[in-house]
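Here are my notes on the structure, set out point by point. Please read them with the model open beside you.

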Amino acid sequence: MDDSFSGSALVYRAKLRPAVNPEYLVRRPRLIDLLDRAVESPLTLVVAPAGSGKTSLLRDWAGWTDLPHAWLSVDESDRDPAQLWLSILAALDGIAPGCAEPAADLVRRRRSLLDAVGTLLDDLESRRYGPRVLVIDDLEVVDEAVAGGALAMFVQHLPRWLRVVLVSRHVPPLPVDRLRARGLLGEVRFPELRFSFDEATEMLSRLAPALPPQRVAKAARHAGGWAASIQLAALAARAADARAAADAPRQDDVERYLGDYVWHEVLSGEPGDVVDVLVAVSVVDRAEPGLARVLAGRLDAPLLLERAEERGLFATRVEPSGAYETHALVRDALLVELRRRDPGRLAELHRRAARWFEDAGQPVTAIEHLLRAGEDRAALRLLASCAPELYDSGREATVRRMLAAIPAGAAAGTPAAADLAWCQLFVDRDAFVQTVHTVVTQAGTDGGREPGLRARLEMLRATSSAVSGDWDAGARSAGAALATIGERWRTDPLCRFGWNLLAREIALAERWDDDGEEVRRIARTLGPAPGRRIAFEATRALGAALAGRPVEALRLVYGTRHVSEAADLTTARTELMVAEALAGREIGEQSAALPVLARLVETPCDPVPHCRLLACLELARVAVDSGDAAAAERAFGDVTEMVDTQLPGPGSRTLLARTGTLLALAQNRPDDAARWAAEVDDPFWGAVENARVLLAEGDVGAADAALRTASPRCVRHRVVRDLLLSRTTRDPTEAGAVLARAARLGAAHGLVQTVASEGTEVVESIERLAWRVPKPWLDRLRRVPLSGASPPGTAVVELVEALTDRQLGILRMLPSRLSLREIADELFISVNTLKFHLKVIYRKLGCASRAEAADLARALMNRPRRGRPAGAWRR
């Protein structure tokens, strides 16, 4: 400092130079560059909370910059306005010699500070310097009144060559918005000053060299970029080393050092109402304005948070929501102190937060706050109310996590156990079934007579039956529950699913009829409930597919899928996938249906296990229809295990037995087929499967009698019954009429696979009635490979010559009912070329006709057994 300024006697020389940074300081070139750019503006604000590294950055920059600069560290003596300006003048005199004396003289004579600043500005304006910088550090030490009007006047009228950098924990009382709008302001805030992970680990390694790398990394992540926290972690590590007790700091050491720093350095001397609001919002990661008002219990809470941000108290506004976030470590320190001083208030703050988040539609966060408040029962109740929505939106893991966090004691008593069971449904079906059994058994001695509770218990029983494969019993219990609870079903978290259980039973029983009274009643009831209505439409699509109306099912799938995805309804989407796959295969689009079925087999769906069951059964039938005996056995074995272990109910066992009958008949095992047919617990399908067995045994009369007792419930039933009756009716004219009726009905509803699955005899008979059915439908039927596996025990012959890929492609089309012209068109070749290929194929196969070649082609669909050459064929 130039000694010509007599006011310098009042300013310590140490205040007019930056101190030397410690050796452990990590140089951060990115911030040096940032500050270089910032000081191109007339005024630069470096504003950040205590311990952010503001001063260290300016010291480092001052050592690197080529710009002439002056430094002032404000201290307690500068709380007097006159002394503050004498200090500023002393610093300025170092880069503009002689500028300070006239203004200082006015200050000493107690003239207005504005007059003194005006005199200073006139002097500075008259000078012709290159860029020079004045740094004023620790400006937060002085009150706003001290650093008020005179400083604002000074920074707004700076000469072109002078740049001022103000360093403070708080935003100074300056027209910041106006300066920012005019492009006259450079800014460096806490987000820029945060240490990166690499910078934090390097600094920790320097401060605590003995700390193991994994501990360094953990402390660096925990610090959140706050320089003070990094240093405190190192201090704790050194304390631990001094005790020789461990190679890392104890967590309580870190928390104690951090808490002391926050309360003694960050919050000391701050307004009480600001600190109180910070404490209140410390229970949440982010405080929306409304949440802040609720937690603090005062309407001006957002304004106080804004003030906290201005004062550098680690509160940061998150645009554009207007919410505020507090640095995680500061929140932790506030919570530790609150827990120590007033645990009752802490619990109340968590309860307030829980209510706010529940009302805001954020139940998971609300549950977390209830658990922190010790409200375990309330947490379980809330989880039960939102578990279906969480599951539907793909957050099954969240349900599992929340359920694991709730103490076991929260489920004491029947109402709580009912809530627990409902939550388990979406994550652990076996646990759900077991809990339902226990709670229903105990309900008689634990308040089970209250109507609302009784209805919920009955609904749990209904759901347990449904997910165990007893859809009929599930529907009966659901009906009883709805009758008990009445109109309150809409608001009950369990009973509102009752109507959908009723609809699902109708669909799985294959009696879906949109004009039927039971379906219309459910549709009317669910009309005002959007979520339940979407689920109903998905079940409606499944019901149409199972009832033999695939075209209608696909229309419903395409019309409902977008809505179900927008509403995040996983169960609805799963039922739509099943409906789409079943309907797609039914109309002959097997190539599109198979990937969907395979995906369903791998998809966990605890609340709707019937979807996976239907997919597995359909894949088994695909293998049966294609004659792939090995694949059929594998698929049937998998689905048998599923029914035995997960879905033992009569509904699922009936579906299994129907497929078992078809598989046994395809493999020429009539005794096994009869045993499976006897297990079919369905009046229609029991008669039909029995008739199939009797036909295989040659007892046409008994088969006809069995079919006459079958009472169809849907289109598919009528088609299947008539197709079989056409084989048992002895009068050829009547048999033809029955077959024509089945074909016309099947064609009217797009049933292709159902007809093709009845085998070659039925399809060839329909070919003779081609003029009586629509040609597009018949074309689809011709493209579907006919059912039939190679009879067991046939001889194995070797091909004379191997078939080419082209010849194999032609061979695979021979079992279809396409004409030669249609096959040629499919392959984009002429009929003459096709005939030439057929002659070669017949010669290589050693057969003389298309019929013989078609039989061998069906055998090709069987995978070669291990050890048998690929060229070996059954014959």
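The points below cover confidence, then the two sheets, then two helix pairs.

1. Confidence overall. This is a predicted model. The protein chain has an average pLDDT of 85. A score of at least 70 is reached by 90% of the residues.

2. Weak stretches. Two segments deserve a separate note. Across residues 243-249, pLDDT stays under 50. The model still gives this stretch 16 contacts beyond four places in sequence. Residues 788-797 also stay under 50. For them the model has 25 contacts beyond four places in sequence.

3. The five-stranded sheet. Which order do the strands of the open five-stranded sheet take? The order is 2-3-4-1-5, and the pairing is parallel. Strand 2 (69-73) and strand 5 (185-188) are the edge strands, each pairing on one side only. On average, neighbouring strands in this sheet are turned by 15° against each other, direction ignored.

4. Inside that sheet. Strand 3 (residues 132-137) runs parallel to strand 4 (residues 162-168), and five bridges join the two. To find the register, start at Ile136: its bridge partner in strand 4 is Leu166.

5. The three-stranded sheet. A second open sheet is built from three strands in the order 6-8-7. Here the pairing is antiparallel. Its edges are strand 6 (286-287) and strand 7 (315-318), and each of these pairs on one side only.

6. Pairing around strand 8. Strand 8 covers residues 323-326 and is joined to strand 7 by four bridges, the two running antiparallel. Strand 8 also pairs with strand 6 in the antiparallel sense, over two bridges. Glu325 is a useful landmark here. On the strand 7 side, Thr316 stands opposite Glu325. Arg286 stands opposite Glu325 too. Next along, Ala315 has Thr326 of strand 8 as its bridge partner.

7. A helix on the sheet. What packs on this three-stranded sheet? Helix 15 (residues 301-310) does, and it touches strand 6, strand 7 and strand 8. The direction of helix 15 makes about 115° with that of strand 7.

8. Helices 13 and 14. Two packed helices are described by the angle between their axes and the distance between the axes. Helix 13 (residues 272-281) packs against helix 14 (residues 289-296) at about 105°, with the axes 9 Å apart. An angle from 65 to 115 degrees counts as roughly perpendicular, so helix 13 and helix 14 are roughly perpendicular to each other. From helix 13, Val277, Ala280 and Val281 meet Ala292, Leu295 and Ala296 of helix 14. This contact has six nonpolar residues, no polar ones and no charged ones.

9. Helices 30 and 31. How are helix 30 and helix 31 set against each other, and at what angle? Helix 30 (residues 590-601) and helix 31 (residues 609-626) pack at about 135°, and their axes lie 9 Å apart. The two helices are therefore oblique to each other. Helix 30 makes a left-handed crossing with helix 31.

10. The contact in that pair. Helix 30 contributes Gln590, Leu594, Leu597, Ala598, Leu600 and Val601. They meet Arg612, Ala615, Cys616, Glu618, Leu619 and Val622 in helix 31. By class, the contact of helix 30 with helix 31 has nine nonpolar residues, one polar and two charged.

Conventions. Residues are numbered from 1 along each chain as its sequence is written. This is a predicted model: local features need pLDDT of at least 70, side-chain atom pairs count only at pLDDT 80 or more; totals for chains, interfaces and linings use all residues. Side-chain values use heavy atoms; hydrogens and water are left out. Two strands pair if DSSP finds at least two bridges between them. Contact means heavy atoms within 4.5 Å. Axes are lines fitted to C-alpha atoms, for helices over the stretch in contact, and angles run from 0 to 180 degrees between N-to-C directions. Angles under 35 degrees count as roughly parallel, over 145 as roughly antiparallel, 65 to 115 as roughly perpendicular and the rest as oblique. A crossing is left-handed if the near helix is turned anticlockwise from the far one by less than a right angle, and right-handed if clockwise. Ala, Val, Leu, Ile, Met, Phe, Trp, Tyr, Cys and Pro count as nonpolar, Asp, Glu, Lys and Arg as charged, and the others, Gly among them, as polar. pLDDT is the predictor's confidence in each residue, from 0 to 100.
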